[in-house]
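Reader: I would like a close look at the charged side chains of this protein, and at how they are paired or left unpaired. Please take me through them step by step, with the surroundings of each one.

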Amino acid sequence: MKIIIIGGVAAGAKAAAKSKRLLPDAEIHIYTMDTHVSYSSCGLPYYIAGDFEDWHKLIVRTKEEFEKSGINIHTENEVTKILSTDKKILVKDLKLGTCQFIEYDKLIIATGSRPFIPDIKNNHLKNIFTLRNLEDGINIREAMYKSNNITLLGGGYISVELIEAFVKNHKNVTLIERSPFILSVFDEEISSLIQTFILENSEGLVKIINEDNISEFIGDESVSGVVTSNGIGFETDMVVIAAGVRPVVNIAQDAGVELGITGAIKVNSRMQTNIPDIYACGDCVEKINMISNTPVWVPLGSTANKEGRVAAINACGGVEDFEGILGSAVLRYHALSISMTGLSEKMAQKLGYDTVSVVITKRDKAGYMPEVKNVTLKIVADRRSHKILGAQAIGCGNADKRVNTISVGLINGMRVEDLLDVDLTYAPPFSTSIDILISAARILKSKLIN
């Protein structure tokens with residue numbers, strides 16, 4: 001059997017490795033436009049920050065290691081066309097400029113996502129970056145060392161991690177975000193607290209401009225200034241555009257692969273597309289939200305790895321299902337942990353749920369312990385069924401472990417009353433005798449009764 005995989009970062013690399021383990025005699029090829037395969041793009045902000053010096057540490061498995069195991073790696077090769085009827089792909093060698101048709105028995109599309117570049121005047125200037133691959137991370141770090149004033153467009157996960165990186169290196173940062181607060185995927189009670197924490201814990205180096213956008217970059221060859229839609233102008237030495245990403249679906253769509261309502265590739269639970277013997281996984285496909293049972297597009301590395309494994313199993317003749325996601329995520333800003341799972345309240349309401357929620361702040365461990373910190377937790381529930389819909393937590397304490405606990409409950413349809421009965425561990429260095437999860441559940445239950 002000949003299995004071809006388009007894309008070689010998280011989902012593609014996982015699919016290749018799993019396929020080889022399942023079918024040792026199969027001929028397996030990865031085609032990627034990148035210069036490397038199987039690297040941790042999630043670690044790039046920490047490389048930029050200087051948390052470690054050698055970017056090679058971000059490579060999970062080298063091209064040589066793949067090839068030693070019998071997997072053929074074709075870097076700097078672009079798949080330009082899929083001919084599903086003939087079961088062929090057209091590949092262009094980006095170094096030589098040559099093209100050739102390659103046959104396949106099974107095809108796995110793992111083309112990932114690409115940064116969204118808004119239509120901004122003069123966005124061709126030098127020192128304007130996006131962060132997608134290893135070269136981007138290396139270039140941003142080099143430019144950062146030569147810069148004093150840095151501009152970020154967009155207030156999502158990557159931007160928060162980059163603010164930390166730049167502040168660690170004592171750079172002035174101006175972030176421009178179109179929403180009232182950064183991290184708008186969270187509810188405003190939480191995102192407003194996150195924004196306040198960042199501004200108060202950045203040594204005066206960070207400025208955030210909300211409800212605005214960049215309309216023009218100023219400069220001759222390199223960017224030297226920014227003008228916003230609201231007429232604010234200021235100087236800058238470099239810009240990182242982190243205004244979101246979009247699924248890379250062009251070759252799939254051209255081949256007749258069906259897209260979902262999110263604009264990403266539509267697959268079933270076995271990662272099959274509508275075309276026989278073509279599978280898709282990772283950031284280029286839409287997922288099913290396990291709470292609402294609706295299609296969503298949430299590009300996360302952890303999900304991509306799971307999907308790559310499932311795609312490989314089914315492409316190799318096995319049977320395994322990927323049931324969906326909760327959108328669980330975690331990031332940090334210095335000491336602040338930021339985490340969420342399931343539906344936010346605004347998303348739940350948009351989907352038609354009658355929501356009840358609680359926001360509570362409490363210590364993460366016994367008050368007399370020297371390392372005690374606060375955690376702010378929000379839990380959202382459905383008034384009719386009493387089912388928990390999602391949770392968000394931030395704090396300098398262990399916020400993420402509370403969210404992880406809720407995520408397990410969400411998979412099993414946990415109700416507020418069920419959370420009250422969870423037998424959580426307790427010792428003074430780890431939690432209070434009545435954990436914040438239990439305290440929040442008690443308040444929620446009283447709201448549901450009333």
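Author: A salt bridge is counted here when a side-chain nitrogen of Lys or Arg lies within 4 Å of a carboxyl oxygen of Asp or Glu. The model is a predicted one, and by this rule it holds 21 salt bridges.

One of these pairs is K266 with E258, whose side chains meet with N and O 3.8 Å apart, which falls within the 4 Å limit. Neither partner is hidden from the surface: K266 is partly exposed, with a relative accessible area of 41%, and E258 is likewise partly exposed, at 39%.

A contrasting setting is found around K378, which forms a salt bridge with D187, the closest N and O atoms being 3.0 Å apart. K378 belongs to strand β24 (residues 374-382), while D187 sits in the loop between β11 (172-177) and α6 (188-200), so this pair ties together parts of the chain that are 191 residues apart in sequence. Both K378 and D187 are buried, and for K378 the relative accessibility is 1%, where under 20% is the cut-off for being buried. K378 also meets the side chain of E189 in a salt bridge, again with 3.0 Å from N to O. Because E189 lies in helix α6 and K378 in strand β24, this second pair ties together parts that are 189 residues apart in sequence. E189 itself is partly exposed, with a relative accessible area of 36%, whereas K378 is buried.

Salt bridges can also be joined to one another, as with D51, E164, K168 and R332, which are linked in a network.

Other charged residues have to be described without such a partner. D283, placed in the loop between β18 and β19 (287-288), is buried yet has no salt bridge, and the nearest side chain of opposite charge, that of K287, is 5.3 Å away. That distance of 5.3 Å lies outside the 4 Å limit used for salt bridges. The side chain of D283 does have a polar contact of 3.4 Å with the side chain of S113.

At the surface, E27, D86, E103 and D105 gather in a patch of negative charge. Residues are admitted to such a patch only if they have over 30% relative accessible area and no salt bridge, and of its members E103 is found in strand β6 (residues 99-103).

Two lysines deserve a separate word for their backbone surroundings. K401 lies in helix α10 (residues 399-411) and is partly exposed, with a relative accessible area of 33%. A polar atom of the K401 side chain lies 3.1 Å from the backbone oxygen of F430, and the C-alpha atoms of K401 and S339, which are 62 residues apart along the chain, are separated by 9.0 Å. K87, in the loop between β4 (77-83) and β5 (88-93), has a positive phi of about 55° although it is not a glycine. Most residues other than glycine have a negative phi. K87 is partly exposed, with a relative accessible area of 25%.

For comparison with an uncharged side chain, M271 also has a positive phi, of about 65°, without being a glycine. M271 is placed in the loop between α7 (250-254) and β18 (278-280), and it is buried, with a relative accessible area of 1%.

Technical notes:
Residues numbered from 1 in each chain as written. Predicted model: local features only at pLDDT ≥ 70, side-chain atom pairs only at ≥ 80, totals over all residues. Heavy atoms only, no water. Patch = residues over 30% accessible without salt bridge, like charges linked within 9 Å, V, L, I, M, F, W, Y side chains within 5 Å. Areas by Shrake-Rupley, 256 points an atom, 1.4 Å probe, with all protein chains shown as cover. Lys, Arg positive; Asp, Glu negative; His and termini not counted. Charge placed at Lys NZ, Arg CZ, Asp CG, Glu CD. Helix = DSSP H or I, 4+ residues; strand = E, 2+ residues; numbered from the N terminus. Buried < 20%, exposed > 50% of the residue type's maximum accessible area, 1.4 Å probe, protein only. Polar contact = N/O pair within 3.5 Å; in protein donor to acceptor, adjacent residues only side chain to side chain.
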